[in-house]
Amino acid sequence: MALPSSHSCFSSTFSSFSSKNQERSLFTRSKIDFTPFSRIFTRFRVLQRKCFNNGHLIPLENDFGDTSTVEGPVKHFKATHDHFSSPEQNKTTLSIIVVGASGDLAKKKIFPALFALYYEDFLPEHFTVFGYARSKMTDGELRNMISQTLTCRIDKRENCNDKMEQFLQRCFYHSGQYGSEENFKELDDKLKEKETGKLANRLFYLSIPPDIFVAAVKSASCLAASQFGWTRVIVEKPFGRDSESSRELTASLKKYLIEEQIFRIDHYLGKELVENLSVLRFSNLVFEPLWSRQYIRNVQLIFSEDFGTEGRGGYFDSYGIIRDIMQNHLLQILALFAMETPVSLDAEDIRNEKVKVLRSMRTLQVDDIVIGQYKGHSKGGKTYPSYTDDPQVPNNSLTPTFAAAAMFIDNSRWDSVPFLLKAGKALHSKGAEIRVQFRHVPGNLYRRNFGTDLDKNTNELVIRVQPNEAIYLKINNKIPGLGMRLDRSNLNLLYSTKYTKEIPDAYERLLLDAISGERRLFIRSDELDAAWALFTPVLKELEEKHVAPELYPYGSRGPVGAHYLAAKYNVRWGDLSSEDS
Amino acid sequence: MALSCPKCPSSSRFGIPQTQRTATASAPFYHFSIPKRDLATPMSSRTSNNRKHGPTCMREAITPVPVDEEEAPLENVENGLPAVRSNASWNTEVNSASGEDSTVSITVVGASGDLAKKKIFPALFALFYEDCLPKHFTIFGYARSRMTDGELRAMVSKTLTCRIDKRENCNDKMEQFLERCFYQSGQYNSEGSFAELNKKLKEHEAGRISNRMFYLSVPPNVFIDVVKCASKSASSLNGWTRVIVEKPFGRDSESSAALTRNLKQYLEEDQIFRIDHYLGKELVENLSVLRFSNLVFEPLWSRQYIRNVQLIFSEDFGTEGRGGYFDNYGIIRDIMQNHLLQILALFAMETPVSLDAEDIRNEKVKVLRCMKPLILDDVVIGQYKSHTKGGISYPAYIDDKTVPNDSLTPTFAAAAIFINNARWDGVPFLMKAGKALHTKGAQIRVQFRHVPGNLYKKSFGTDLDRATNELVIRVQPDEAIYLKINNKIPGLGMRLDRSNLNLHYAARYSKEIPDAYERLLLDAIEGERRLFIRSDELDAAWALFTPLLKELEENKIAPELYPFGSRGPVGAHYLAAKYNVRWGDLSAEH
């Protein structure tokens with residue numbers, strides 16, 4: 001097995017179990033039983049009503065020397081690299097099952113990310129990739145489908161085709177219904193074949209609609225869980241549509257899985273600059289002293305897309321932009337931004353702090369939110385459709401495609417600092433950024449050089465998450481020359497000029513983390529609850545009262561209401577200031 | 001109005017003269033002792049009053065707006081100076097006068113010298129080119145050599161250049177400028193010659209209110225003679241008279257005090273403009289802007305966050321056969337006691353009450369007086385020796401023909417200095433200046449402390465010192481400001497490195513940055529004293545260095561030799577290490 005024994009992932013799978021007692025007893029037993037291919041094993045599996053949380057205990061088996069959970073990302077990352085030649089490599093194997101293999105996400109993100117990991121030697125030596133979906137397909141057809149979306153990194157073109165070929169050889173397909181235990185049993189048999197008696201770890205990636213989540217989890221857990229390695233399940237949003245449905249979903253998942261097996265993905269957390277947010281804050285002296293209400297006037301989290309639903313609004317219409325972007329992606333970034341310093345960089349420590357800050361937040365009020373929906377617009381002879389023109393969207397849909405919200409954190413660090421969130425489709429630009437606007441300089445000696453608009457002259461830290469990753473700090477600077485005129489210049493770090501290497505896709509990082517058992521970037525159940533608690537009342541109110549969204553033209557800067565919302569809290573949207581457009 | 005200069009880069013200041021004037025409370029200390037001849041005219045006293053943070057081109061001549069009556073009492077309150085009000089009323093009078101009625105005469109004493117040719121005349125031309133000089137002005141060269149006006153013009157024209165970004169009309173402009181240049185030859189101690197100069201000046205001033213500026217680009221031993229003659233025989237009778245003096249300002253506390261005393265026999269404090277051209281550098285000017293107009297720096301500006309500050313000057317050439325003057329002074333007097341210490345004072349001073357010259361200089365004096373005088377243990381001196389590299393031989397300092405063979409004059413010095421105040425207690429300020437080093441440049445480096453309880457400690461390896469933030473202000477060449485931060489290297493996993501949040505002037509600002517002399521000449525013409533050194537500043541600066549200089553000389557302490565073109569004597573590293581500092585300019589990354 002390629003994954004080293006000292007790899008943190010295995011140990012972390014079980015090191016923080018909630019139900020330790022039961023597991024320990026099982027552990028002893030399974031240790032005795034541990035002989036691949038032994039009959040006992042199969043029998044044991046039947047006895048235990050083998051769902052993930054039973055079978056899953058067996059990873060203790062691979063306890064040969066492993067332990068270091070505490071080492072965090074650095075260690076596990078390195079370990080993956082360094083230990084390929086360790087003797088254990090022949091004993092374990094990894095199976096990755098992409099459930100919903102014919103879907104868009106699988107094609108565009110998951111398979112390419114897996115290939116990139118393989119290409120960069122991050123996958124264990126022995127691994128198998130299985131596609132699972134309802135459509136009938138042969139292995140060859142799957143490979144053909146996948147190969148169309150695989151790309152080689154710009155900076156490493158050599159051997160790419162060979163590598164691609166090798167990767168595709170490890171890809172297989174199994175067709176079946178998502179709720180069919182039968183079909184998953186067949187999958188299990190095929191997996192076992194490929195695993196050839198090695199210690200098998202299994203990662204299920206559920207890239208399927210939410211209504212069949214639980215059915216798939218149930219079948220997989222009961223019939224295709226690994227018997228003596230770990231079994232983990234990656235789940236994609238939506239995680240419910242409000243507090244109740246989310247809690248229900250969690251409860252259902254937990255019938256078959258324990259917390260440590262659930263990897264709720266929020267791919268924004270895998271973005272390079274979101275990862276870097278904590279590095280900036282906690283590894284530099286110059287930022288942390290400024291990180292509070294004493295110096296920060298407001299924080300803005302902005303997401304925009306320059307296209308609409310493009311005929312695929314069916315799913316979106318039942319969720320809307322608040323659930324689709326704000327309650328998860330933006331709120332997650334906010335939590336990382338605003339949390340207190342964690343005890344360590346361990347997943348649980350970080351997630352504890354995120355939960356704390358989420359719980360310190362005031363529930364969003366309907367007065368503090370502006371919703372919008374794009375309407376048709378003609379420009380330069382070209383006509384852009386309105387949201388309701390989308391054939392999948394009802395003509396009278398009130399679903400917001402734009403939302404701006406002001407949120408507050410009632411703790412000592414952030415009391416009364418407005419956090420403004422904004423997300424929208426069909427806007428004039430696309431991108432995601434974090435803007436930190438600092439306060440005015442008290443007793444500013446250069447006041448007179450600024451003219452009347454002091455707000456324009458405050459410092460601003462901008463973290464541009466995408467596209468064209470950058471970090472810059474706007475400072476006031478003297479314009480070179482005689483006299484004393486000031487303007488704003490940027491202390492700038494543009495990633496593309498400093499770092500020549502291609503930045504990996506968020507999915508690569510997240511998949512690697514899931515394989516390694518690093519949970520830092522995945523959302524824990526209590527985090528999810530806290531996040532929903534903030535948004536559920538306002539979502540209900542909007543829907544119950546049929547609040548109509550403000551219409552804005554396709555390709556515009558969004559509804560004017562967003563400006564008034566900002567003005568209410570003395571904020572100016574940094575992305576719409578004249579200098580940045 | 002006649003003197004408006006729309007093209008002058010500082011012209012934006014014209015837009016707000018009223019606010020600048022009225023809202024600023026500044027009366028120089030010397031206001032009460034305005035010389036009689038100055039009081040005869042509203043011009044001179046007004047100029048000392050209305051100097052605000054931004055010099056404007058001839059602001060006095062172009063501010064037709066009377067002082068706001070409501071604001072005037074405020075000034076009184078803040079200054080406790082009743083005189084201000086009368087100044088304010090003078091302003092109105094003068095403002096009613098037209099620019100047609102006044103003129104500025106700039107006399108460059110020592111016109112045939114190097115500095116005059118290379119810096120002063122080109123700077124004056126640049127100001128003219130940018131429309132920053134008043135409409136009526138005359139330039140006189142004064143020196144001992146016999147020369148005609150034409151010869152002076154020919155000499156001057158050779159060093160004039162046009163800005164890269166403004167080539168058009170340059171030759172016409174140059175022609176017009178040279179037409180205003182004249183020459184008067186005479187001895188530096190001859191009142192008669194200065195009287196002749198006075199006569200010629202009057203001719204050109206043609207009855208206008210005359211303001212006169214003398215730029216003394218002469219050796220220190222004739223300073224006083226020139227000042228005496230100029231002040232007695234060539235002062236303006238109805239406008240201001242100002243004198244720009246170049247270093248050296250003495251060679252220790254005593255000689256400096258004597259020089260000041262002598263100057264003051266003939267001049268008032270506010271007529272003396274002691275130039276330190278480092279203060280005219282763009283990024284030194286910007287230092288205060290950075291600190292005081294941004295929220296993000298000032299909270300960090302203290303011993304709580306700053307581990308050490310480094311002020312570094314290096315030249316990559318030696319004395320090149322002209323070490324005669326230098327040998328008498330040495331690098332400490334030539335660079336450290338003035339340029340570096342001035343920058344240090346600006347860096348470390350407390351927030352001034354306003355941007356007025358007197359307020360800023362008050363703070364600089366305060367911080368200089370809080371410093372501990374240098375002690376021998378905290379100084380390393382060096383002298384370059386010859387070195388052969390790639391077949392080329394570089395001479396030793398003592399190979400310079402104008403330098404004695406047994407000279408102990410330091411061509412390199414590094415010093416640790418401390419400020420005993422609440423803000424800076426215990427923070428080492430390291431200064432380093434040297435000739436014949438491997439690079440040239442001037443920079444300020446601020447090294448911040450370690451992150452307390454750093455979560456990412458494991459990602460940094462053993463050398464935590466390398467992982468601290470650092471703010472670098474590169475004064476020259478290739479002006480830049482950058483902040484070194486720790487950043488995640490993009491990619492899977494968690495590896496950190498240091499990246500720069502960068503402001504590179506050449507990339508951000510396309511305009512050529514004016515030479516320091518342009519700014520300083522303009523300021524002197526406008527009576528803006530912010531960038532000139534006041535007598536008490538100078539005293540305080542000498543007080544820090546004089547005991548050390550005496551000890552070095554009395555004990556004939558030999559400098560550590562270092563090869564021409566090297567990184568300087570190793571001693572500088574040990575000095576830094578003594579205070580747990582690493583020179584930022586010599587770290588591996590560079």
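## Close-up views of a predicted two-chain model

**View 1. Helices H10(A) and H11(A) are roughly parallel to each other.** This model is predicted, and our tour begins in chain A. Helix H10 of chain A spans residues 213–223 and helix H11 of chain A spans residues 243–256. The two pack at an angle of about 10°, with their axes 9 Å apart. An angle under 35 degrees counts as roughly parallel, and that is why the pair gets this description. From H10(A), the contact takes in Phe213(A), Val214(A), Val217(A), Lys218(A), Ser221(A) and Cys222(A). They meet Leu249(A), Ser252(A), Leu253(A) and Tyr256(A) in H11(A). Sorted by class, the contact of H10(A) with H11(A) has seven nonpolar residues, two polar and one charged.

**View 2. Helices H9(B) and H10(B) are oblique to each other.** Now we move to chain B, where helix H9 covers residues 191–205 and helix H10 covers residues 220–233. Here the packing angle is about 45°, and the axes lie 9 Å apart. The crossing of these helices, H9(B) and H10(B), is right-handed. On the H9(B) side, look for Glu191(B), Phe194(B), Ala195(B) and Asn198(B). Their partners in H10(B) are Val226(B), Lys228(B), Cys229(B), Ala230(B), Lys232(B) and Ser233(B). The contact of H9(B) with H10(B) divides into five nonpolar, two polar and three charged residues.

**View 3. The buried residues of helix H8(B) sit on the same side of the helix.** Helix H8 of chain B runs over residues 170–179. Its buried residues are Cys170(B), Lys173(B), Met174(B), Phe177(B) and Leu178(B). They share a side because they cover an arc of only 135° around the axis of H8(B). What do the buried residues of H8(B) pack against? In chain B, they pack against helix H6 (114–129), strand E2 (137–143), helix H7 (149–159) and strand E3 (181–185).

**View 4. The buried residues of helix H7(B) line one face of the helix.** These residues are Leu152(B), Arg153(B), Met155(B) and Val156(B). Seen down the axis of H7(B), they fall within an arc of 165°, so they line one face. Their cover includes H6, E2, H8 and E3 of chain B. You have already met helix H8(B) in the previous view, where its buried residues pack against H7, among other elements of chain B.

**View 5. Phe532(B) is a buried residue of strand E17 in chain B.** The strand is made up of residues 532–533, and the relative accessible area of Phe532(B) is 1%. A residue under 20% counts as buried, so Phe532(B) qualifies. Which residues are in contact with Phe532(B), leaving aside its neighbours within four places in sequence? They are Phe273(B), Arg274(B), Ile275(B), Arg361(B), Leu520(B), Asp523(B), Ala524(B) and Glu537(B). For a sense of distance, Leu287(B) is 245 residues from Phe532(B) in sequence and 16 Å away in space, C-alpha to C-alpha.

**View 6. Glu537(B), a contact of Phe532(B), is buried in helix H17 of chain B.** Helix H17(B) extends over residues 535–554. Glu537(B) has 0% relative accessibility. Setting aside its neighbours within four places in sequence, Glu537(B) is in contact with Gln342(B), Arg361(B), Lys364(B), Val365(B), Leu368(B) and Phe532(B). Arg361(B) is worth finding here, as it is in contact with Glu537(B) and also with Phe532(B).

**View 7. Leu290(A) touches residues of chain A and of chain B.** Leu290(A) is found in the loop between helix H12 (272–283) and strand E7 (296–304) of chain A. Is Leu290(A) buried or exposed? At 3% relative accessibility, Leu290(A) counts as buried. Not counting residues up to four places away in sequence, Leu290(A) touches Tyr295(A), Ile296(A) and Phe438(A), along with Val296(B) and Pro299(B). Leu290(A) and Phe438(A) are 148 residues apart along the chain, and their C-alpha atoms are separated by 8.6 Å.

**View 8. Stepping back, chain A has 19 helices and 18 strands, while chain B has 18 helices and 18 strands.** Of the 581 residues of chain A, 63% count as buried. In chain B, buried residues make up 63% of the 590 residues. Among contacts in chain A between residues at least 6 apart in sequence, 81% join residues at least 24 apart. For chain B, residues 24 or more positions apart account for 80% of the contacts with a separation of 6 or more.

Definitions and conventions: Residues are numbered from 1 along each chain as its sequence is written. Chains are lettered from A and ligands numbered from 1 in the order in which they are written. This is a predicted model: local features need pLDDT of at least 70, side-chain atom pairs count only at pLDDT 80 or more; totals for chains, interfaces and linings use all residues. Side-chain values use heavy atoms; hydrogens and water are left out. Buried means under 20% relative accessible area, exposed over 50%, partly exposed in between (1.4 Å probe, protein chains only). Helices (H or I, at least four residues) and strands (E, at least two) are DSSP runs, numbered from the N terminus. The arc is that of the directions from the helix axis to the C-beta atoms. Contact means heavy atoms within 4.5 Å. Axes are lines fitted to C-alpha atoms, for helices over the stretch in contact, and angles run from 0 to 180 degrees between N-to-C directions. Angles under 35 degrees count as roughly parallel, over 145 as roughly antiparallel, 65 to 115 as roughly perpendicular and the rest as oblique. A crossing is left-handed if the near helix is turned anticlockwise from the far one by less than a right angle, and right-handed if clockwise. Ala, Val, Leu, Ile, Met, Phe, Trp, Tyr, Cys and Pro count as nonpolar, Asp, Glu, Lys and Arg as charged, and the others, Gly among them, as polar.
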